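Reader: I am new to this structure and would be grateful for a close look at a single part of it. Please describe how that part is built and what surrounds it.

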Amino acid sequence: MTGLSWFVLAQRTAGLLDYSTRMVLAGTVLLGIAAGIVGAFLLLRKRSLVGDVASHAAVPGLAAAFLIFEINSPGSGRWLPGLLIGAAVSAALAIWLTERVKRIRYIKEDAALAVVLSLSFGLGVCLLTIIQSFPSGNQAHLTDFLFGRAAALVEGDVLTLTGVAAGVLVMTLAFFKELAVLSFDEDFAAAQGWPVAKLELLLTALVVVVTVTAMQSVGLLLAVALLITPAVAARFWTDRLPGLVAISAGIGALASAAGTIVSAQIPRLGTGALIVVFGLIFFILSWFFGSKRGLVWAWWERRRGNREIHEADLLRAVYELLEAKNDVEGRPGPERLADLPWSRAAVASSLTWPARRFERILATLLTRGWIWLDADGHYRFTLHGARRAIDTVRRHRLWELYLLNYAALPAGQIDRAADITEHGLTDAEMERLEGLFAARGDQSQVPASFHKIDAREGEPA
Amino acid sequence: MSSGASDLPSSVPFQVRDLTVSYHRRPVLRDVDFVAKPERLTALVGPNGAGKSTLLKASLGLIPIVSGDVRFFGQPLAVVRHRVAYVPQRTSVDWDFPVTAIDVVVMGLYRRIGWFRPVLARHRRTAMQALEQVELGPFASRQISQLSGGQQQRVFLARALVQQADLYLMDEPFAGVDAATERAIVALMHGLRAEGKSAIVVHHDLQTVPEYFDDVLLLNNRVIAAGPVSEVFTPENQRRAYGGKLVLLETVEHQLSLERPRS
C-alpha cells in the first residue's frame, strides 16, 4: 500500500470513531511518540529502570499534592496541574536520591534503584490510604492515575500532550549529538568538555515529564513499559541511532493507536493496559522478525551459511575422490573433470555426514544442474558444476596454504582473517594470494584458475 | 605552592603537581609530581591498582581530586581542552551501541561542530580520512560490534586523531589487540611525535617500553621514577614499582628457561 492509501485508511478509521475516542487516540499517540523518543535514549544510557523509579516515586508526590490542596481548601485537591507538579517533584527527588544512594560504597545501582523505588511507592500507598479516610477522598479517584484512564482524556489534555510531544521532539533533535555522545561514552564526552551532568539532567527531566504526563492515559505504573518497550523492539530493526529513535517513536505511536482503537471497541478493557499489551506484541514481533538479529532472520542466515558450507564440502569431496581415483594430474580442466563418473556411495563414505544431509545436499546440486545422473547410474559433474568444484577446491587450498605458510600475516590483514573464513575469499584476494604463491613457485597443490563464472552460463537450461 | 603556575612554559604539554586522588578515603595517588616533555612519547607503567588510569582521568577532571594542580600547556584544562585528546579504555564503552565506525569517529569532531549544529558531509569526510589513516576505510559503515578488538581500538584512535590535538592521553591502547594493530598504533604514535605532538600512554608490556617510548613514568600510587627510558627504566626501578610481583615473574621466567632445553 502507498503512503497515501494508508493515510486514507487512517482517516476513515478515525472517521468511524466518535469525537471523544478521537481525542483519546490523538492523546495516546502523541504520548507514545514522546515516550518512544525518550525511551530510546534512556535505553542506550542504560537507565531503563530510572523510568520505573520515576513512575513509582510520582505516587507519593501526587498524593501529597492532593493532601496539601485538600487541607488548604477542601474539595480543591483534584486540581490537575497541582497534581502533575507534585508528581514531577517527587519523581525528580527520587531520581536524585537514587544517585546519592548509588554513591554509597557497597550499594550498586540495582540495589539503589530497588531501595528508592519501593521506599517511595510504599510512602505513596500510605498517603493514598490516608486520603481514603478523607470525606472527598473516595471521589478523588487517585488510583486512576496508577493504572490510567485514557477514556477521560479531553481536548485540553490533548493540547498538553501535543506540547509535551513537541517539546520532547525539539529537545532531542536539538541535543541529538550531545545525548548520543553522552550515552555512548560518558568519559570521552566529559573529557571533550561537554557538560555531562547537565545533559544527564536534561534526559532525566524528559523522563519525568513523559512519565508524569503518562499518568492520565496509561497510568504511572505502566509508563515505564511505554518508555522502554518500543525502544527495545526498535533495536531489532536498526544499527543506527537516528533510525533507532525514529522506529522507537513509530512503535510507540502504533502500539498506542492499536491499544486505543481496540479498547474503544471493547469498553471494559483498560486503554493503558491494552497499549502496553500491544507494545509487548510489537516487541515479540520485532524479536522474531526484526531485520537486525531477529530470531527468524538469524536462523535463516545460519541455515543458508551451513548449506553453503555443506555444498562446498560435497563438491570438494567429489573432486578429491576423482583426483585420487583417476590420478588426475595436478590441474584438470572443467571439461576433463565433467567427463569423469563417480558413485554416490564412494562420496558418501568419504564424508561422515548423516544420511539425510547427504541426500538433501545431493538433491540440491542435482536441481541446480551442477551434477547429473547418467544412464548407467553414475553421477557426473555438468560443465558448470565442474567449474564450481574447481573453484571451491582452489579457494580451500589457497586458504589452507596461506594459513600454513604465512602464519605471520602482514599488517592490517589479521583482522581480515575472520572475514575471509566467514565469507570466502573475494576475487581480488584470490588473485593476490595466487600472486604470492606463484612468486614462491608453490602452486603445485592448487588447481588451475579460471576466470569468474559467467552468471548467464551458470544458469541451468 | 611557592612556585606559581604562571612560570610554566606553555611548551610543557602536561604537568602535575602534588596530585592526590582517593577512592573512598583510600588514596590511589599521593603527591604525584610529573612533567611531560614536549614531542615525546611517555609510557605510564605500574602494577594493577597503581593509579595509572586514575592519573589520566583525574587530570581530565573525570574524577574529583583531593588536592594538587594539573596544567596542560601551562594552562588549566578548560582553556586548552581542544589541544588535548583522550582515548579511554576500549572496555569502557558498550560496543553493541547502535553506531557505525564512522559515527564514532565523527564524535571526535562534535566539539568543533558545536551545540545545535548537525554533522555535515565535510565532517564525515574528515572522519573518513582518519579511518583510512588507521586502515579501517572499508569498515566505515560497519556497526561497531562487528569489528575485532584491534579494529575497535583503532576506531578510538581515529576519533582522537580527528581532534587534531597536541597531546594524546591514551588508556591502555595496546590491551587485547592483535600484533598488526599494535604495530599500527606504534607507527601512528611515532607519526604524531614527528608532527611535534606528545602522547602519554598507559602501557602494560614492560618489554616493549624501550622500543616504543622515549620517556617513562613508573607509578605505584606515588611516582617511583620518571625520565628518559634509557636512564630510569632500570630493573631496580621496575622492581621498586612492581614490588614483589616482578621478582616473582623473573623467577618463573628463569625456571622456565631452565626447563625448556630438557622438554
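Author: A convenient place to begin is Ser22(B), which stands opposite Pro27(B) in strand E2(B). The description that follows concerns a predicted model.

Strand E1 of chain B covers residues 14-23. Seven bridges join E1(B) to E2(B), and these two strands run antiparallel. The pair belongs to an open sheet of three strands in chain B, whose order is E2-E1-E4 and whose pairing is antiparallel. The edges of the sheet are formed by strand E2 (26-36) and strand E4 (67-71) of chain B, each of which pairs on one side only. From one strand to the next, the twist averages 20 degrees.

A helix accompanies this sheet. Helix H1 of chain B, made up of residues 52-59, lies across E1, E2 and E4 of chain B. With respect to E1(B), helix H1(B) runs at about 110 degrees.

Some remarks on confidence are in order. Chain B has a mean pLDDT of 89, and 89% of its residues reach 70 or more. Over residues 1-6 of chain B, however, pLDDT stays under 50. For that stretch of chain B the model has five contacts beyond four places in sequence. For the complex, the predictor gives an ipTM of 0.89 and a pTM of 0.81.

To summarise the part examined, the sheet of chain B follows the order E2-E1-E4, and helix H1(B) lies across its three strands E1, E2 and E4.

Note on methods: Residues are numbered from 1 along each chain as its sequence is written. Chains are lettered from A and ligands numbered from 1 in the order in which they are written. This is a predicted model: local features need pLDDT of at least 70, side-chain atom pairs count only at pLDDT 80 or more; totals for chains, interfaces and linings use all residues. Side-chain values use heavy atoms; hydrogens and water are left out. Two strands pair if DSSP finds at least two bridges between them. Helices (H or I, at least four residues) and strands (E, at least two) are DSSP runs, numbered from the N terminus. Axes are lines fitted to C-alpha atoms, for helices over the stretch in contact, and angles run from 0 to 180 degrees between N-to-C directions. Contact means heavy atoms within 4.5 Å. pLDDT is the predictor's confidence in each residue, from 0 to 100.
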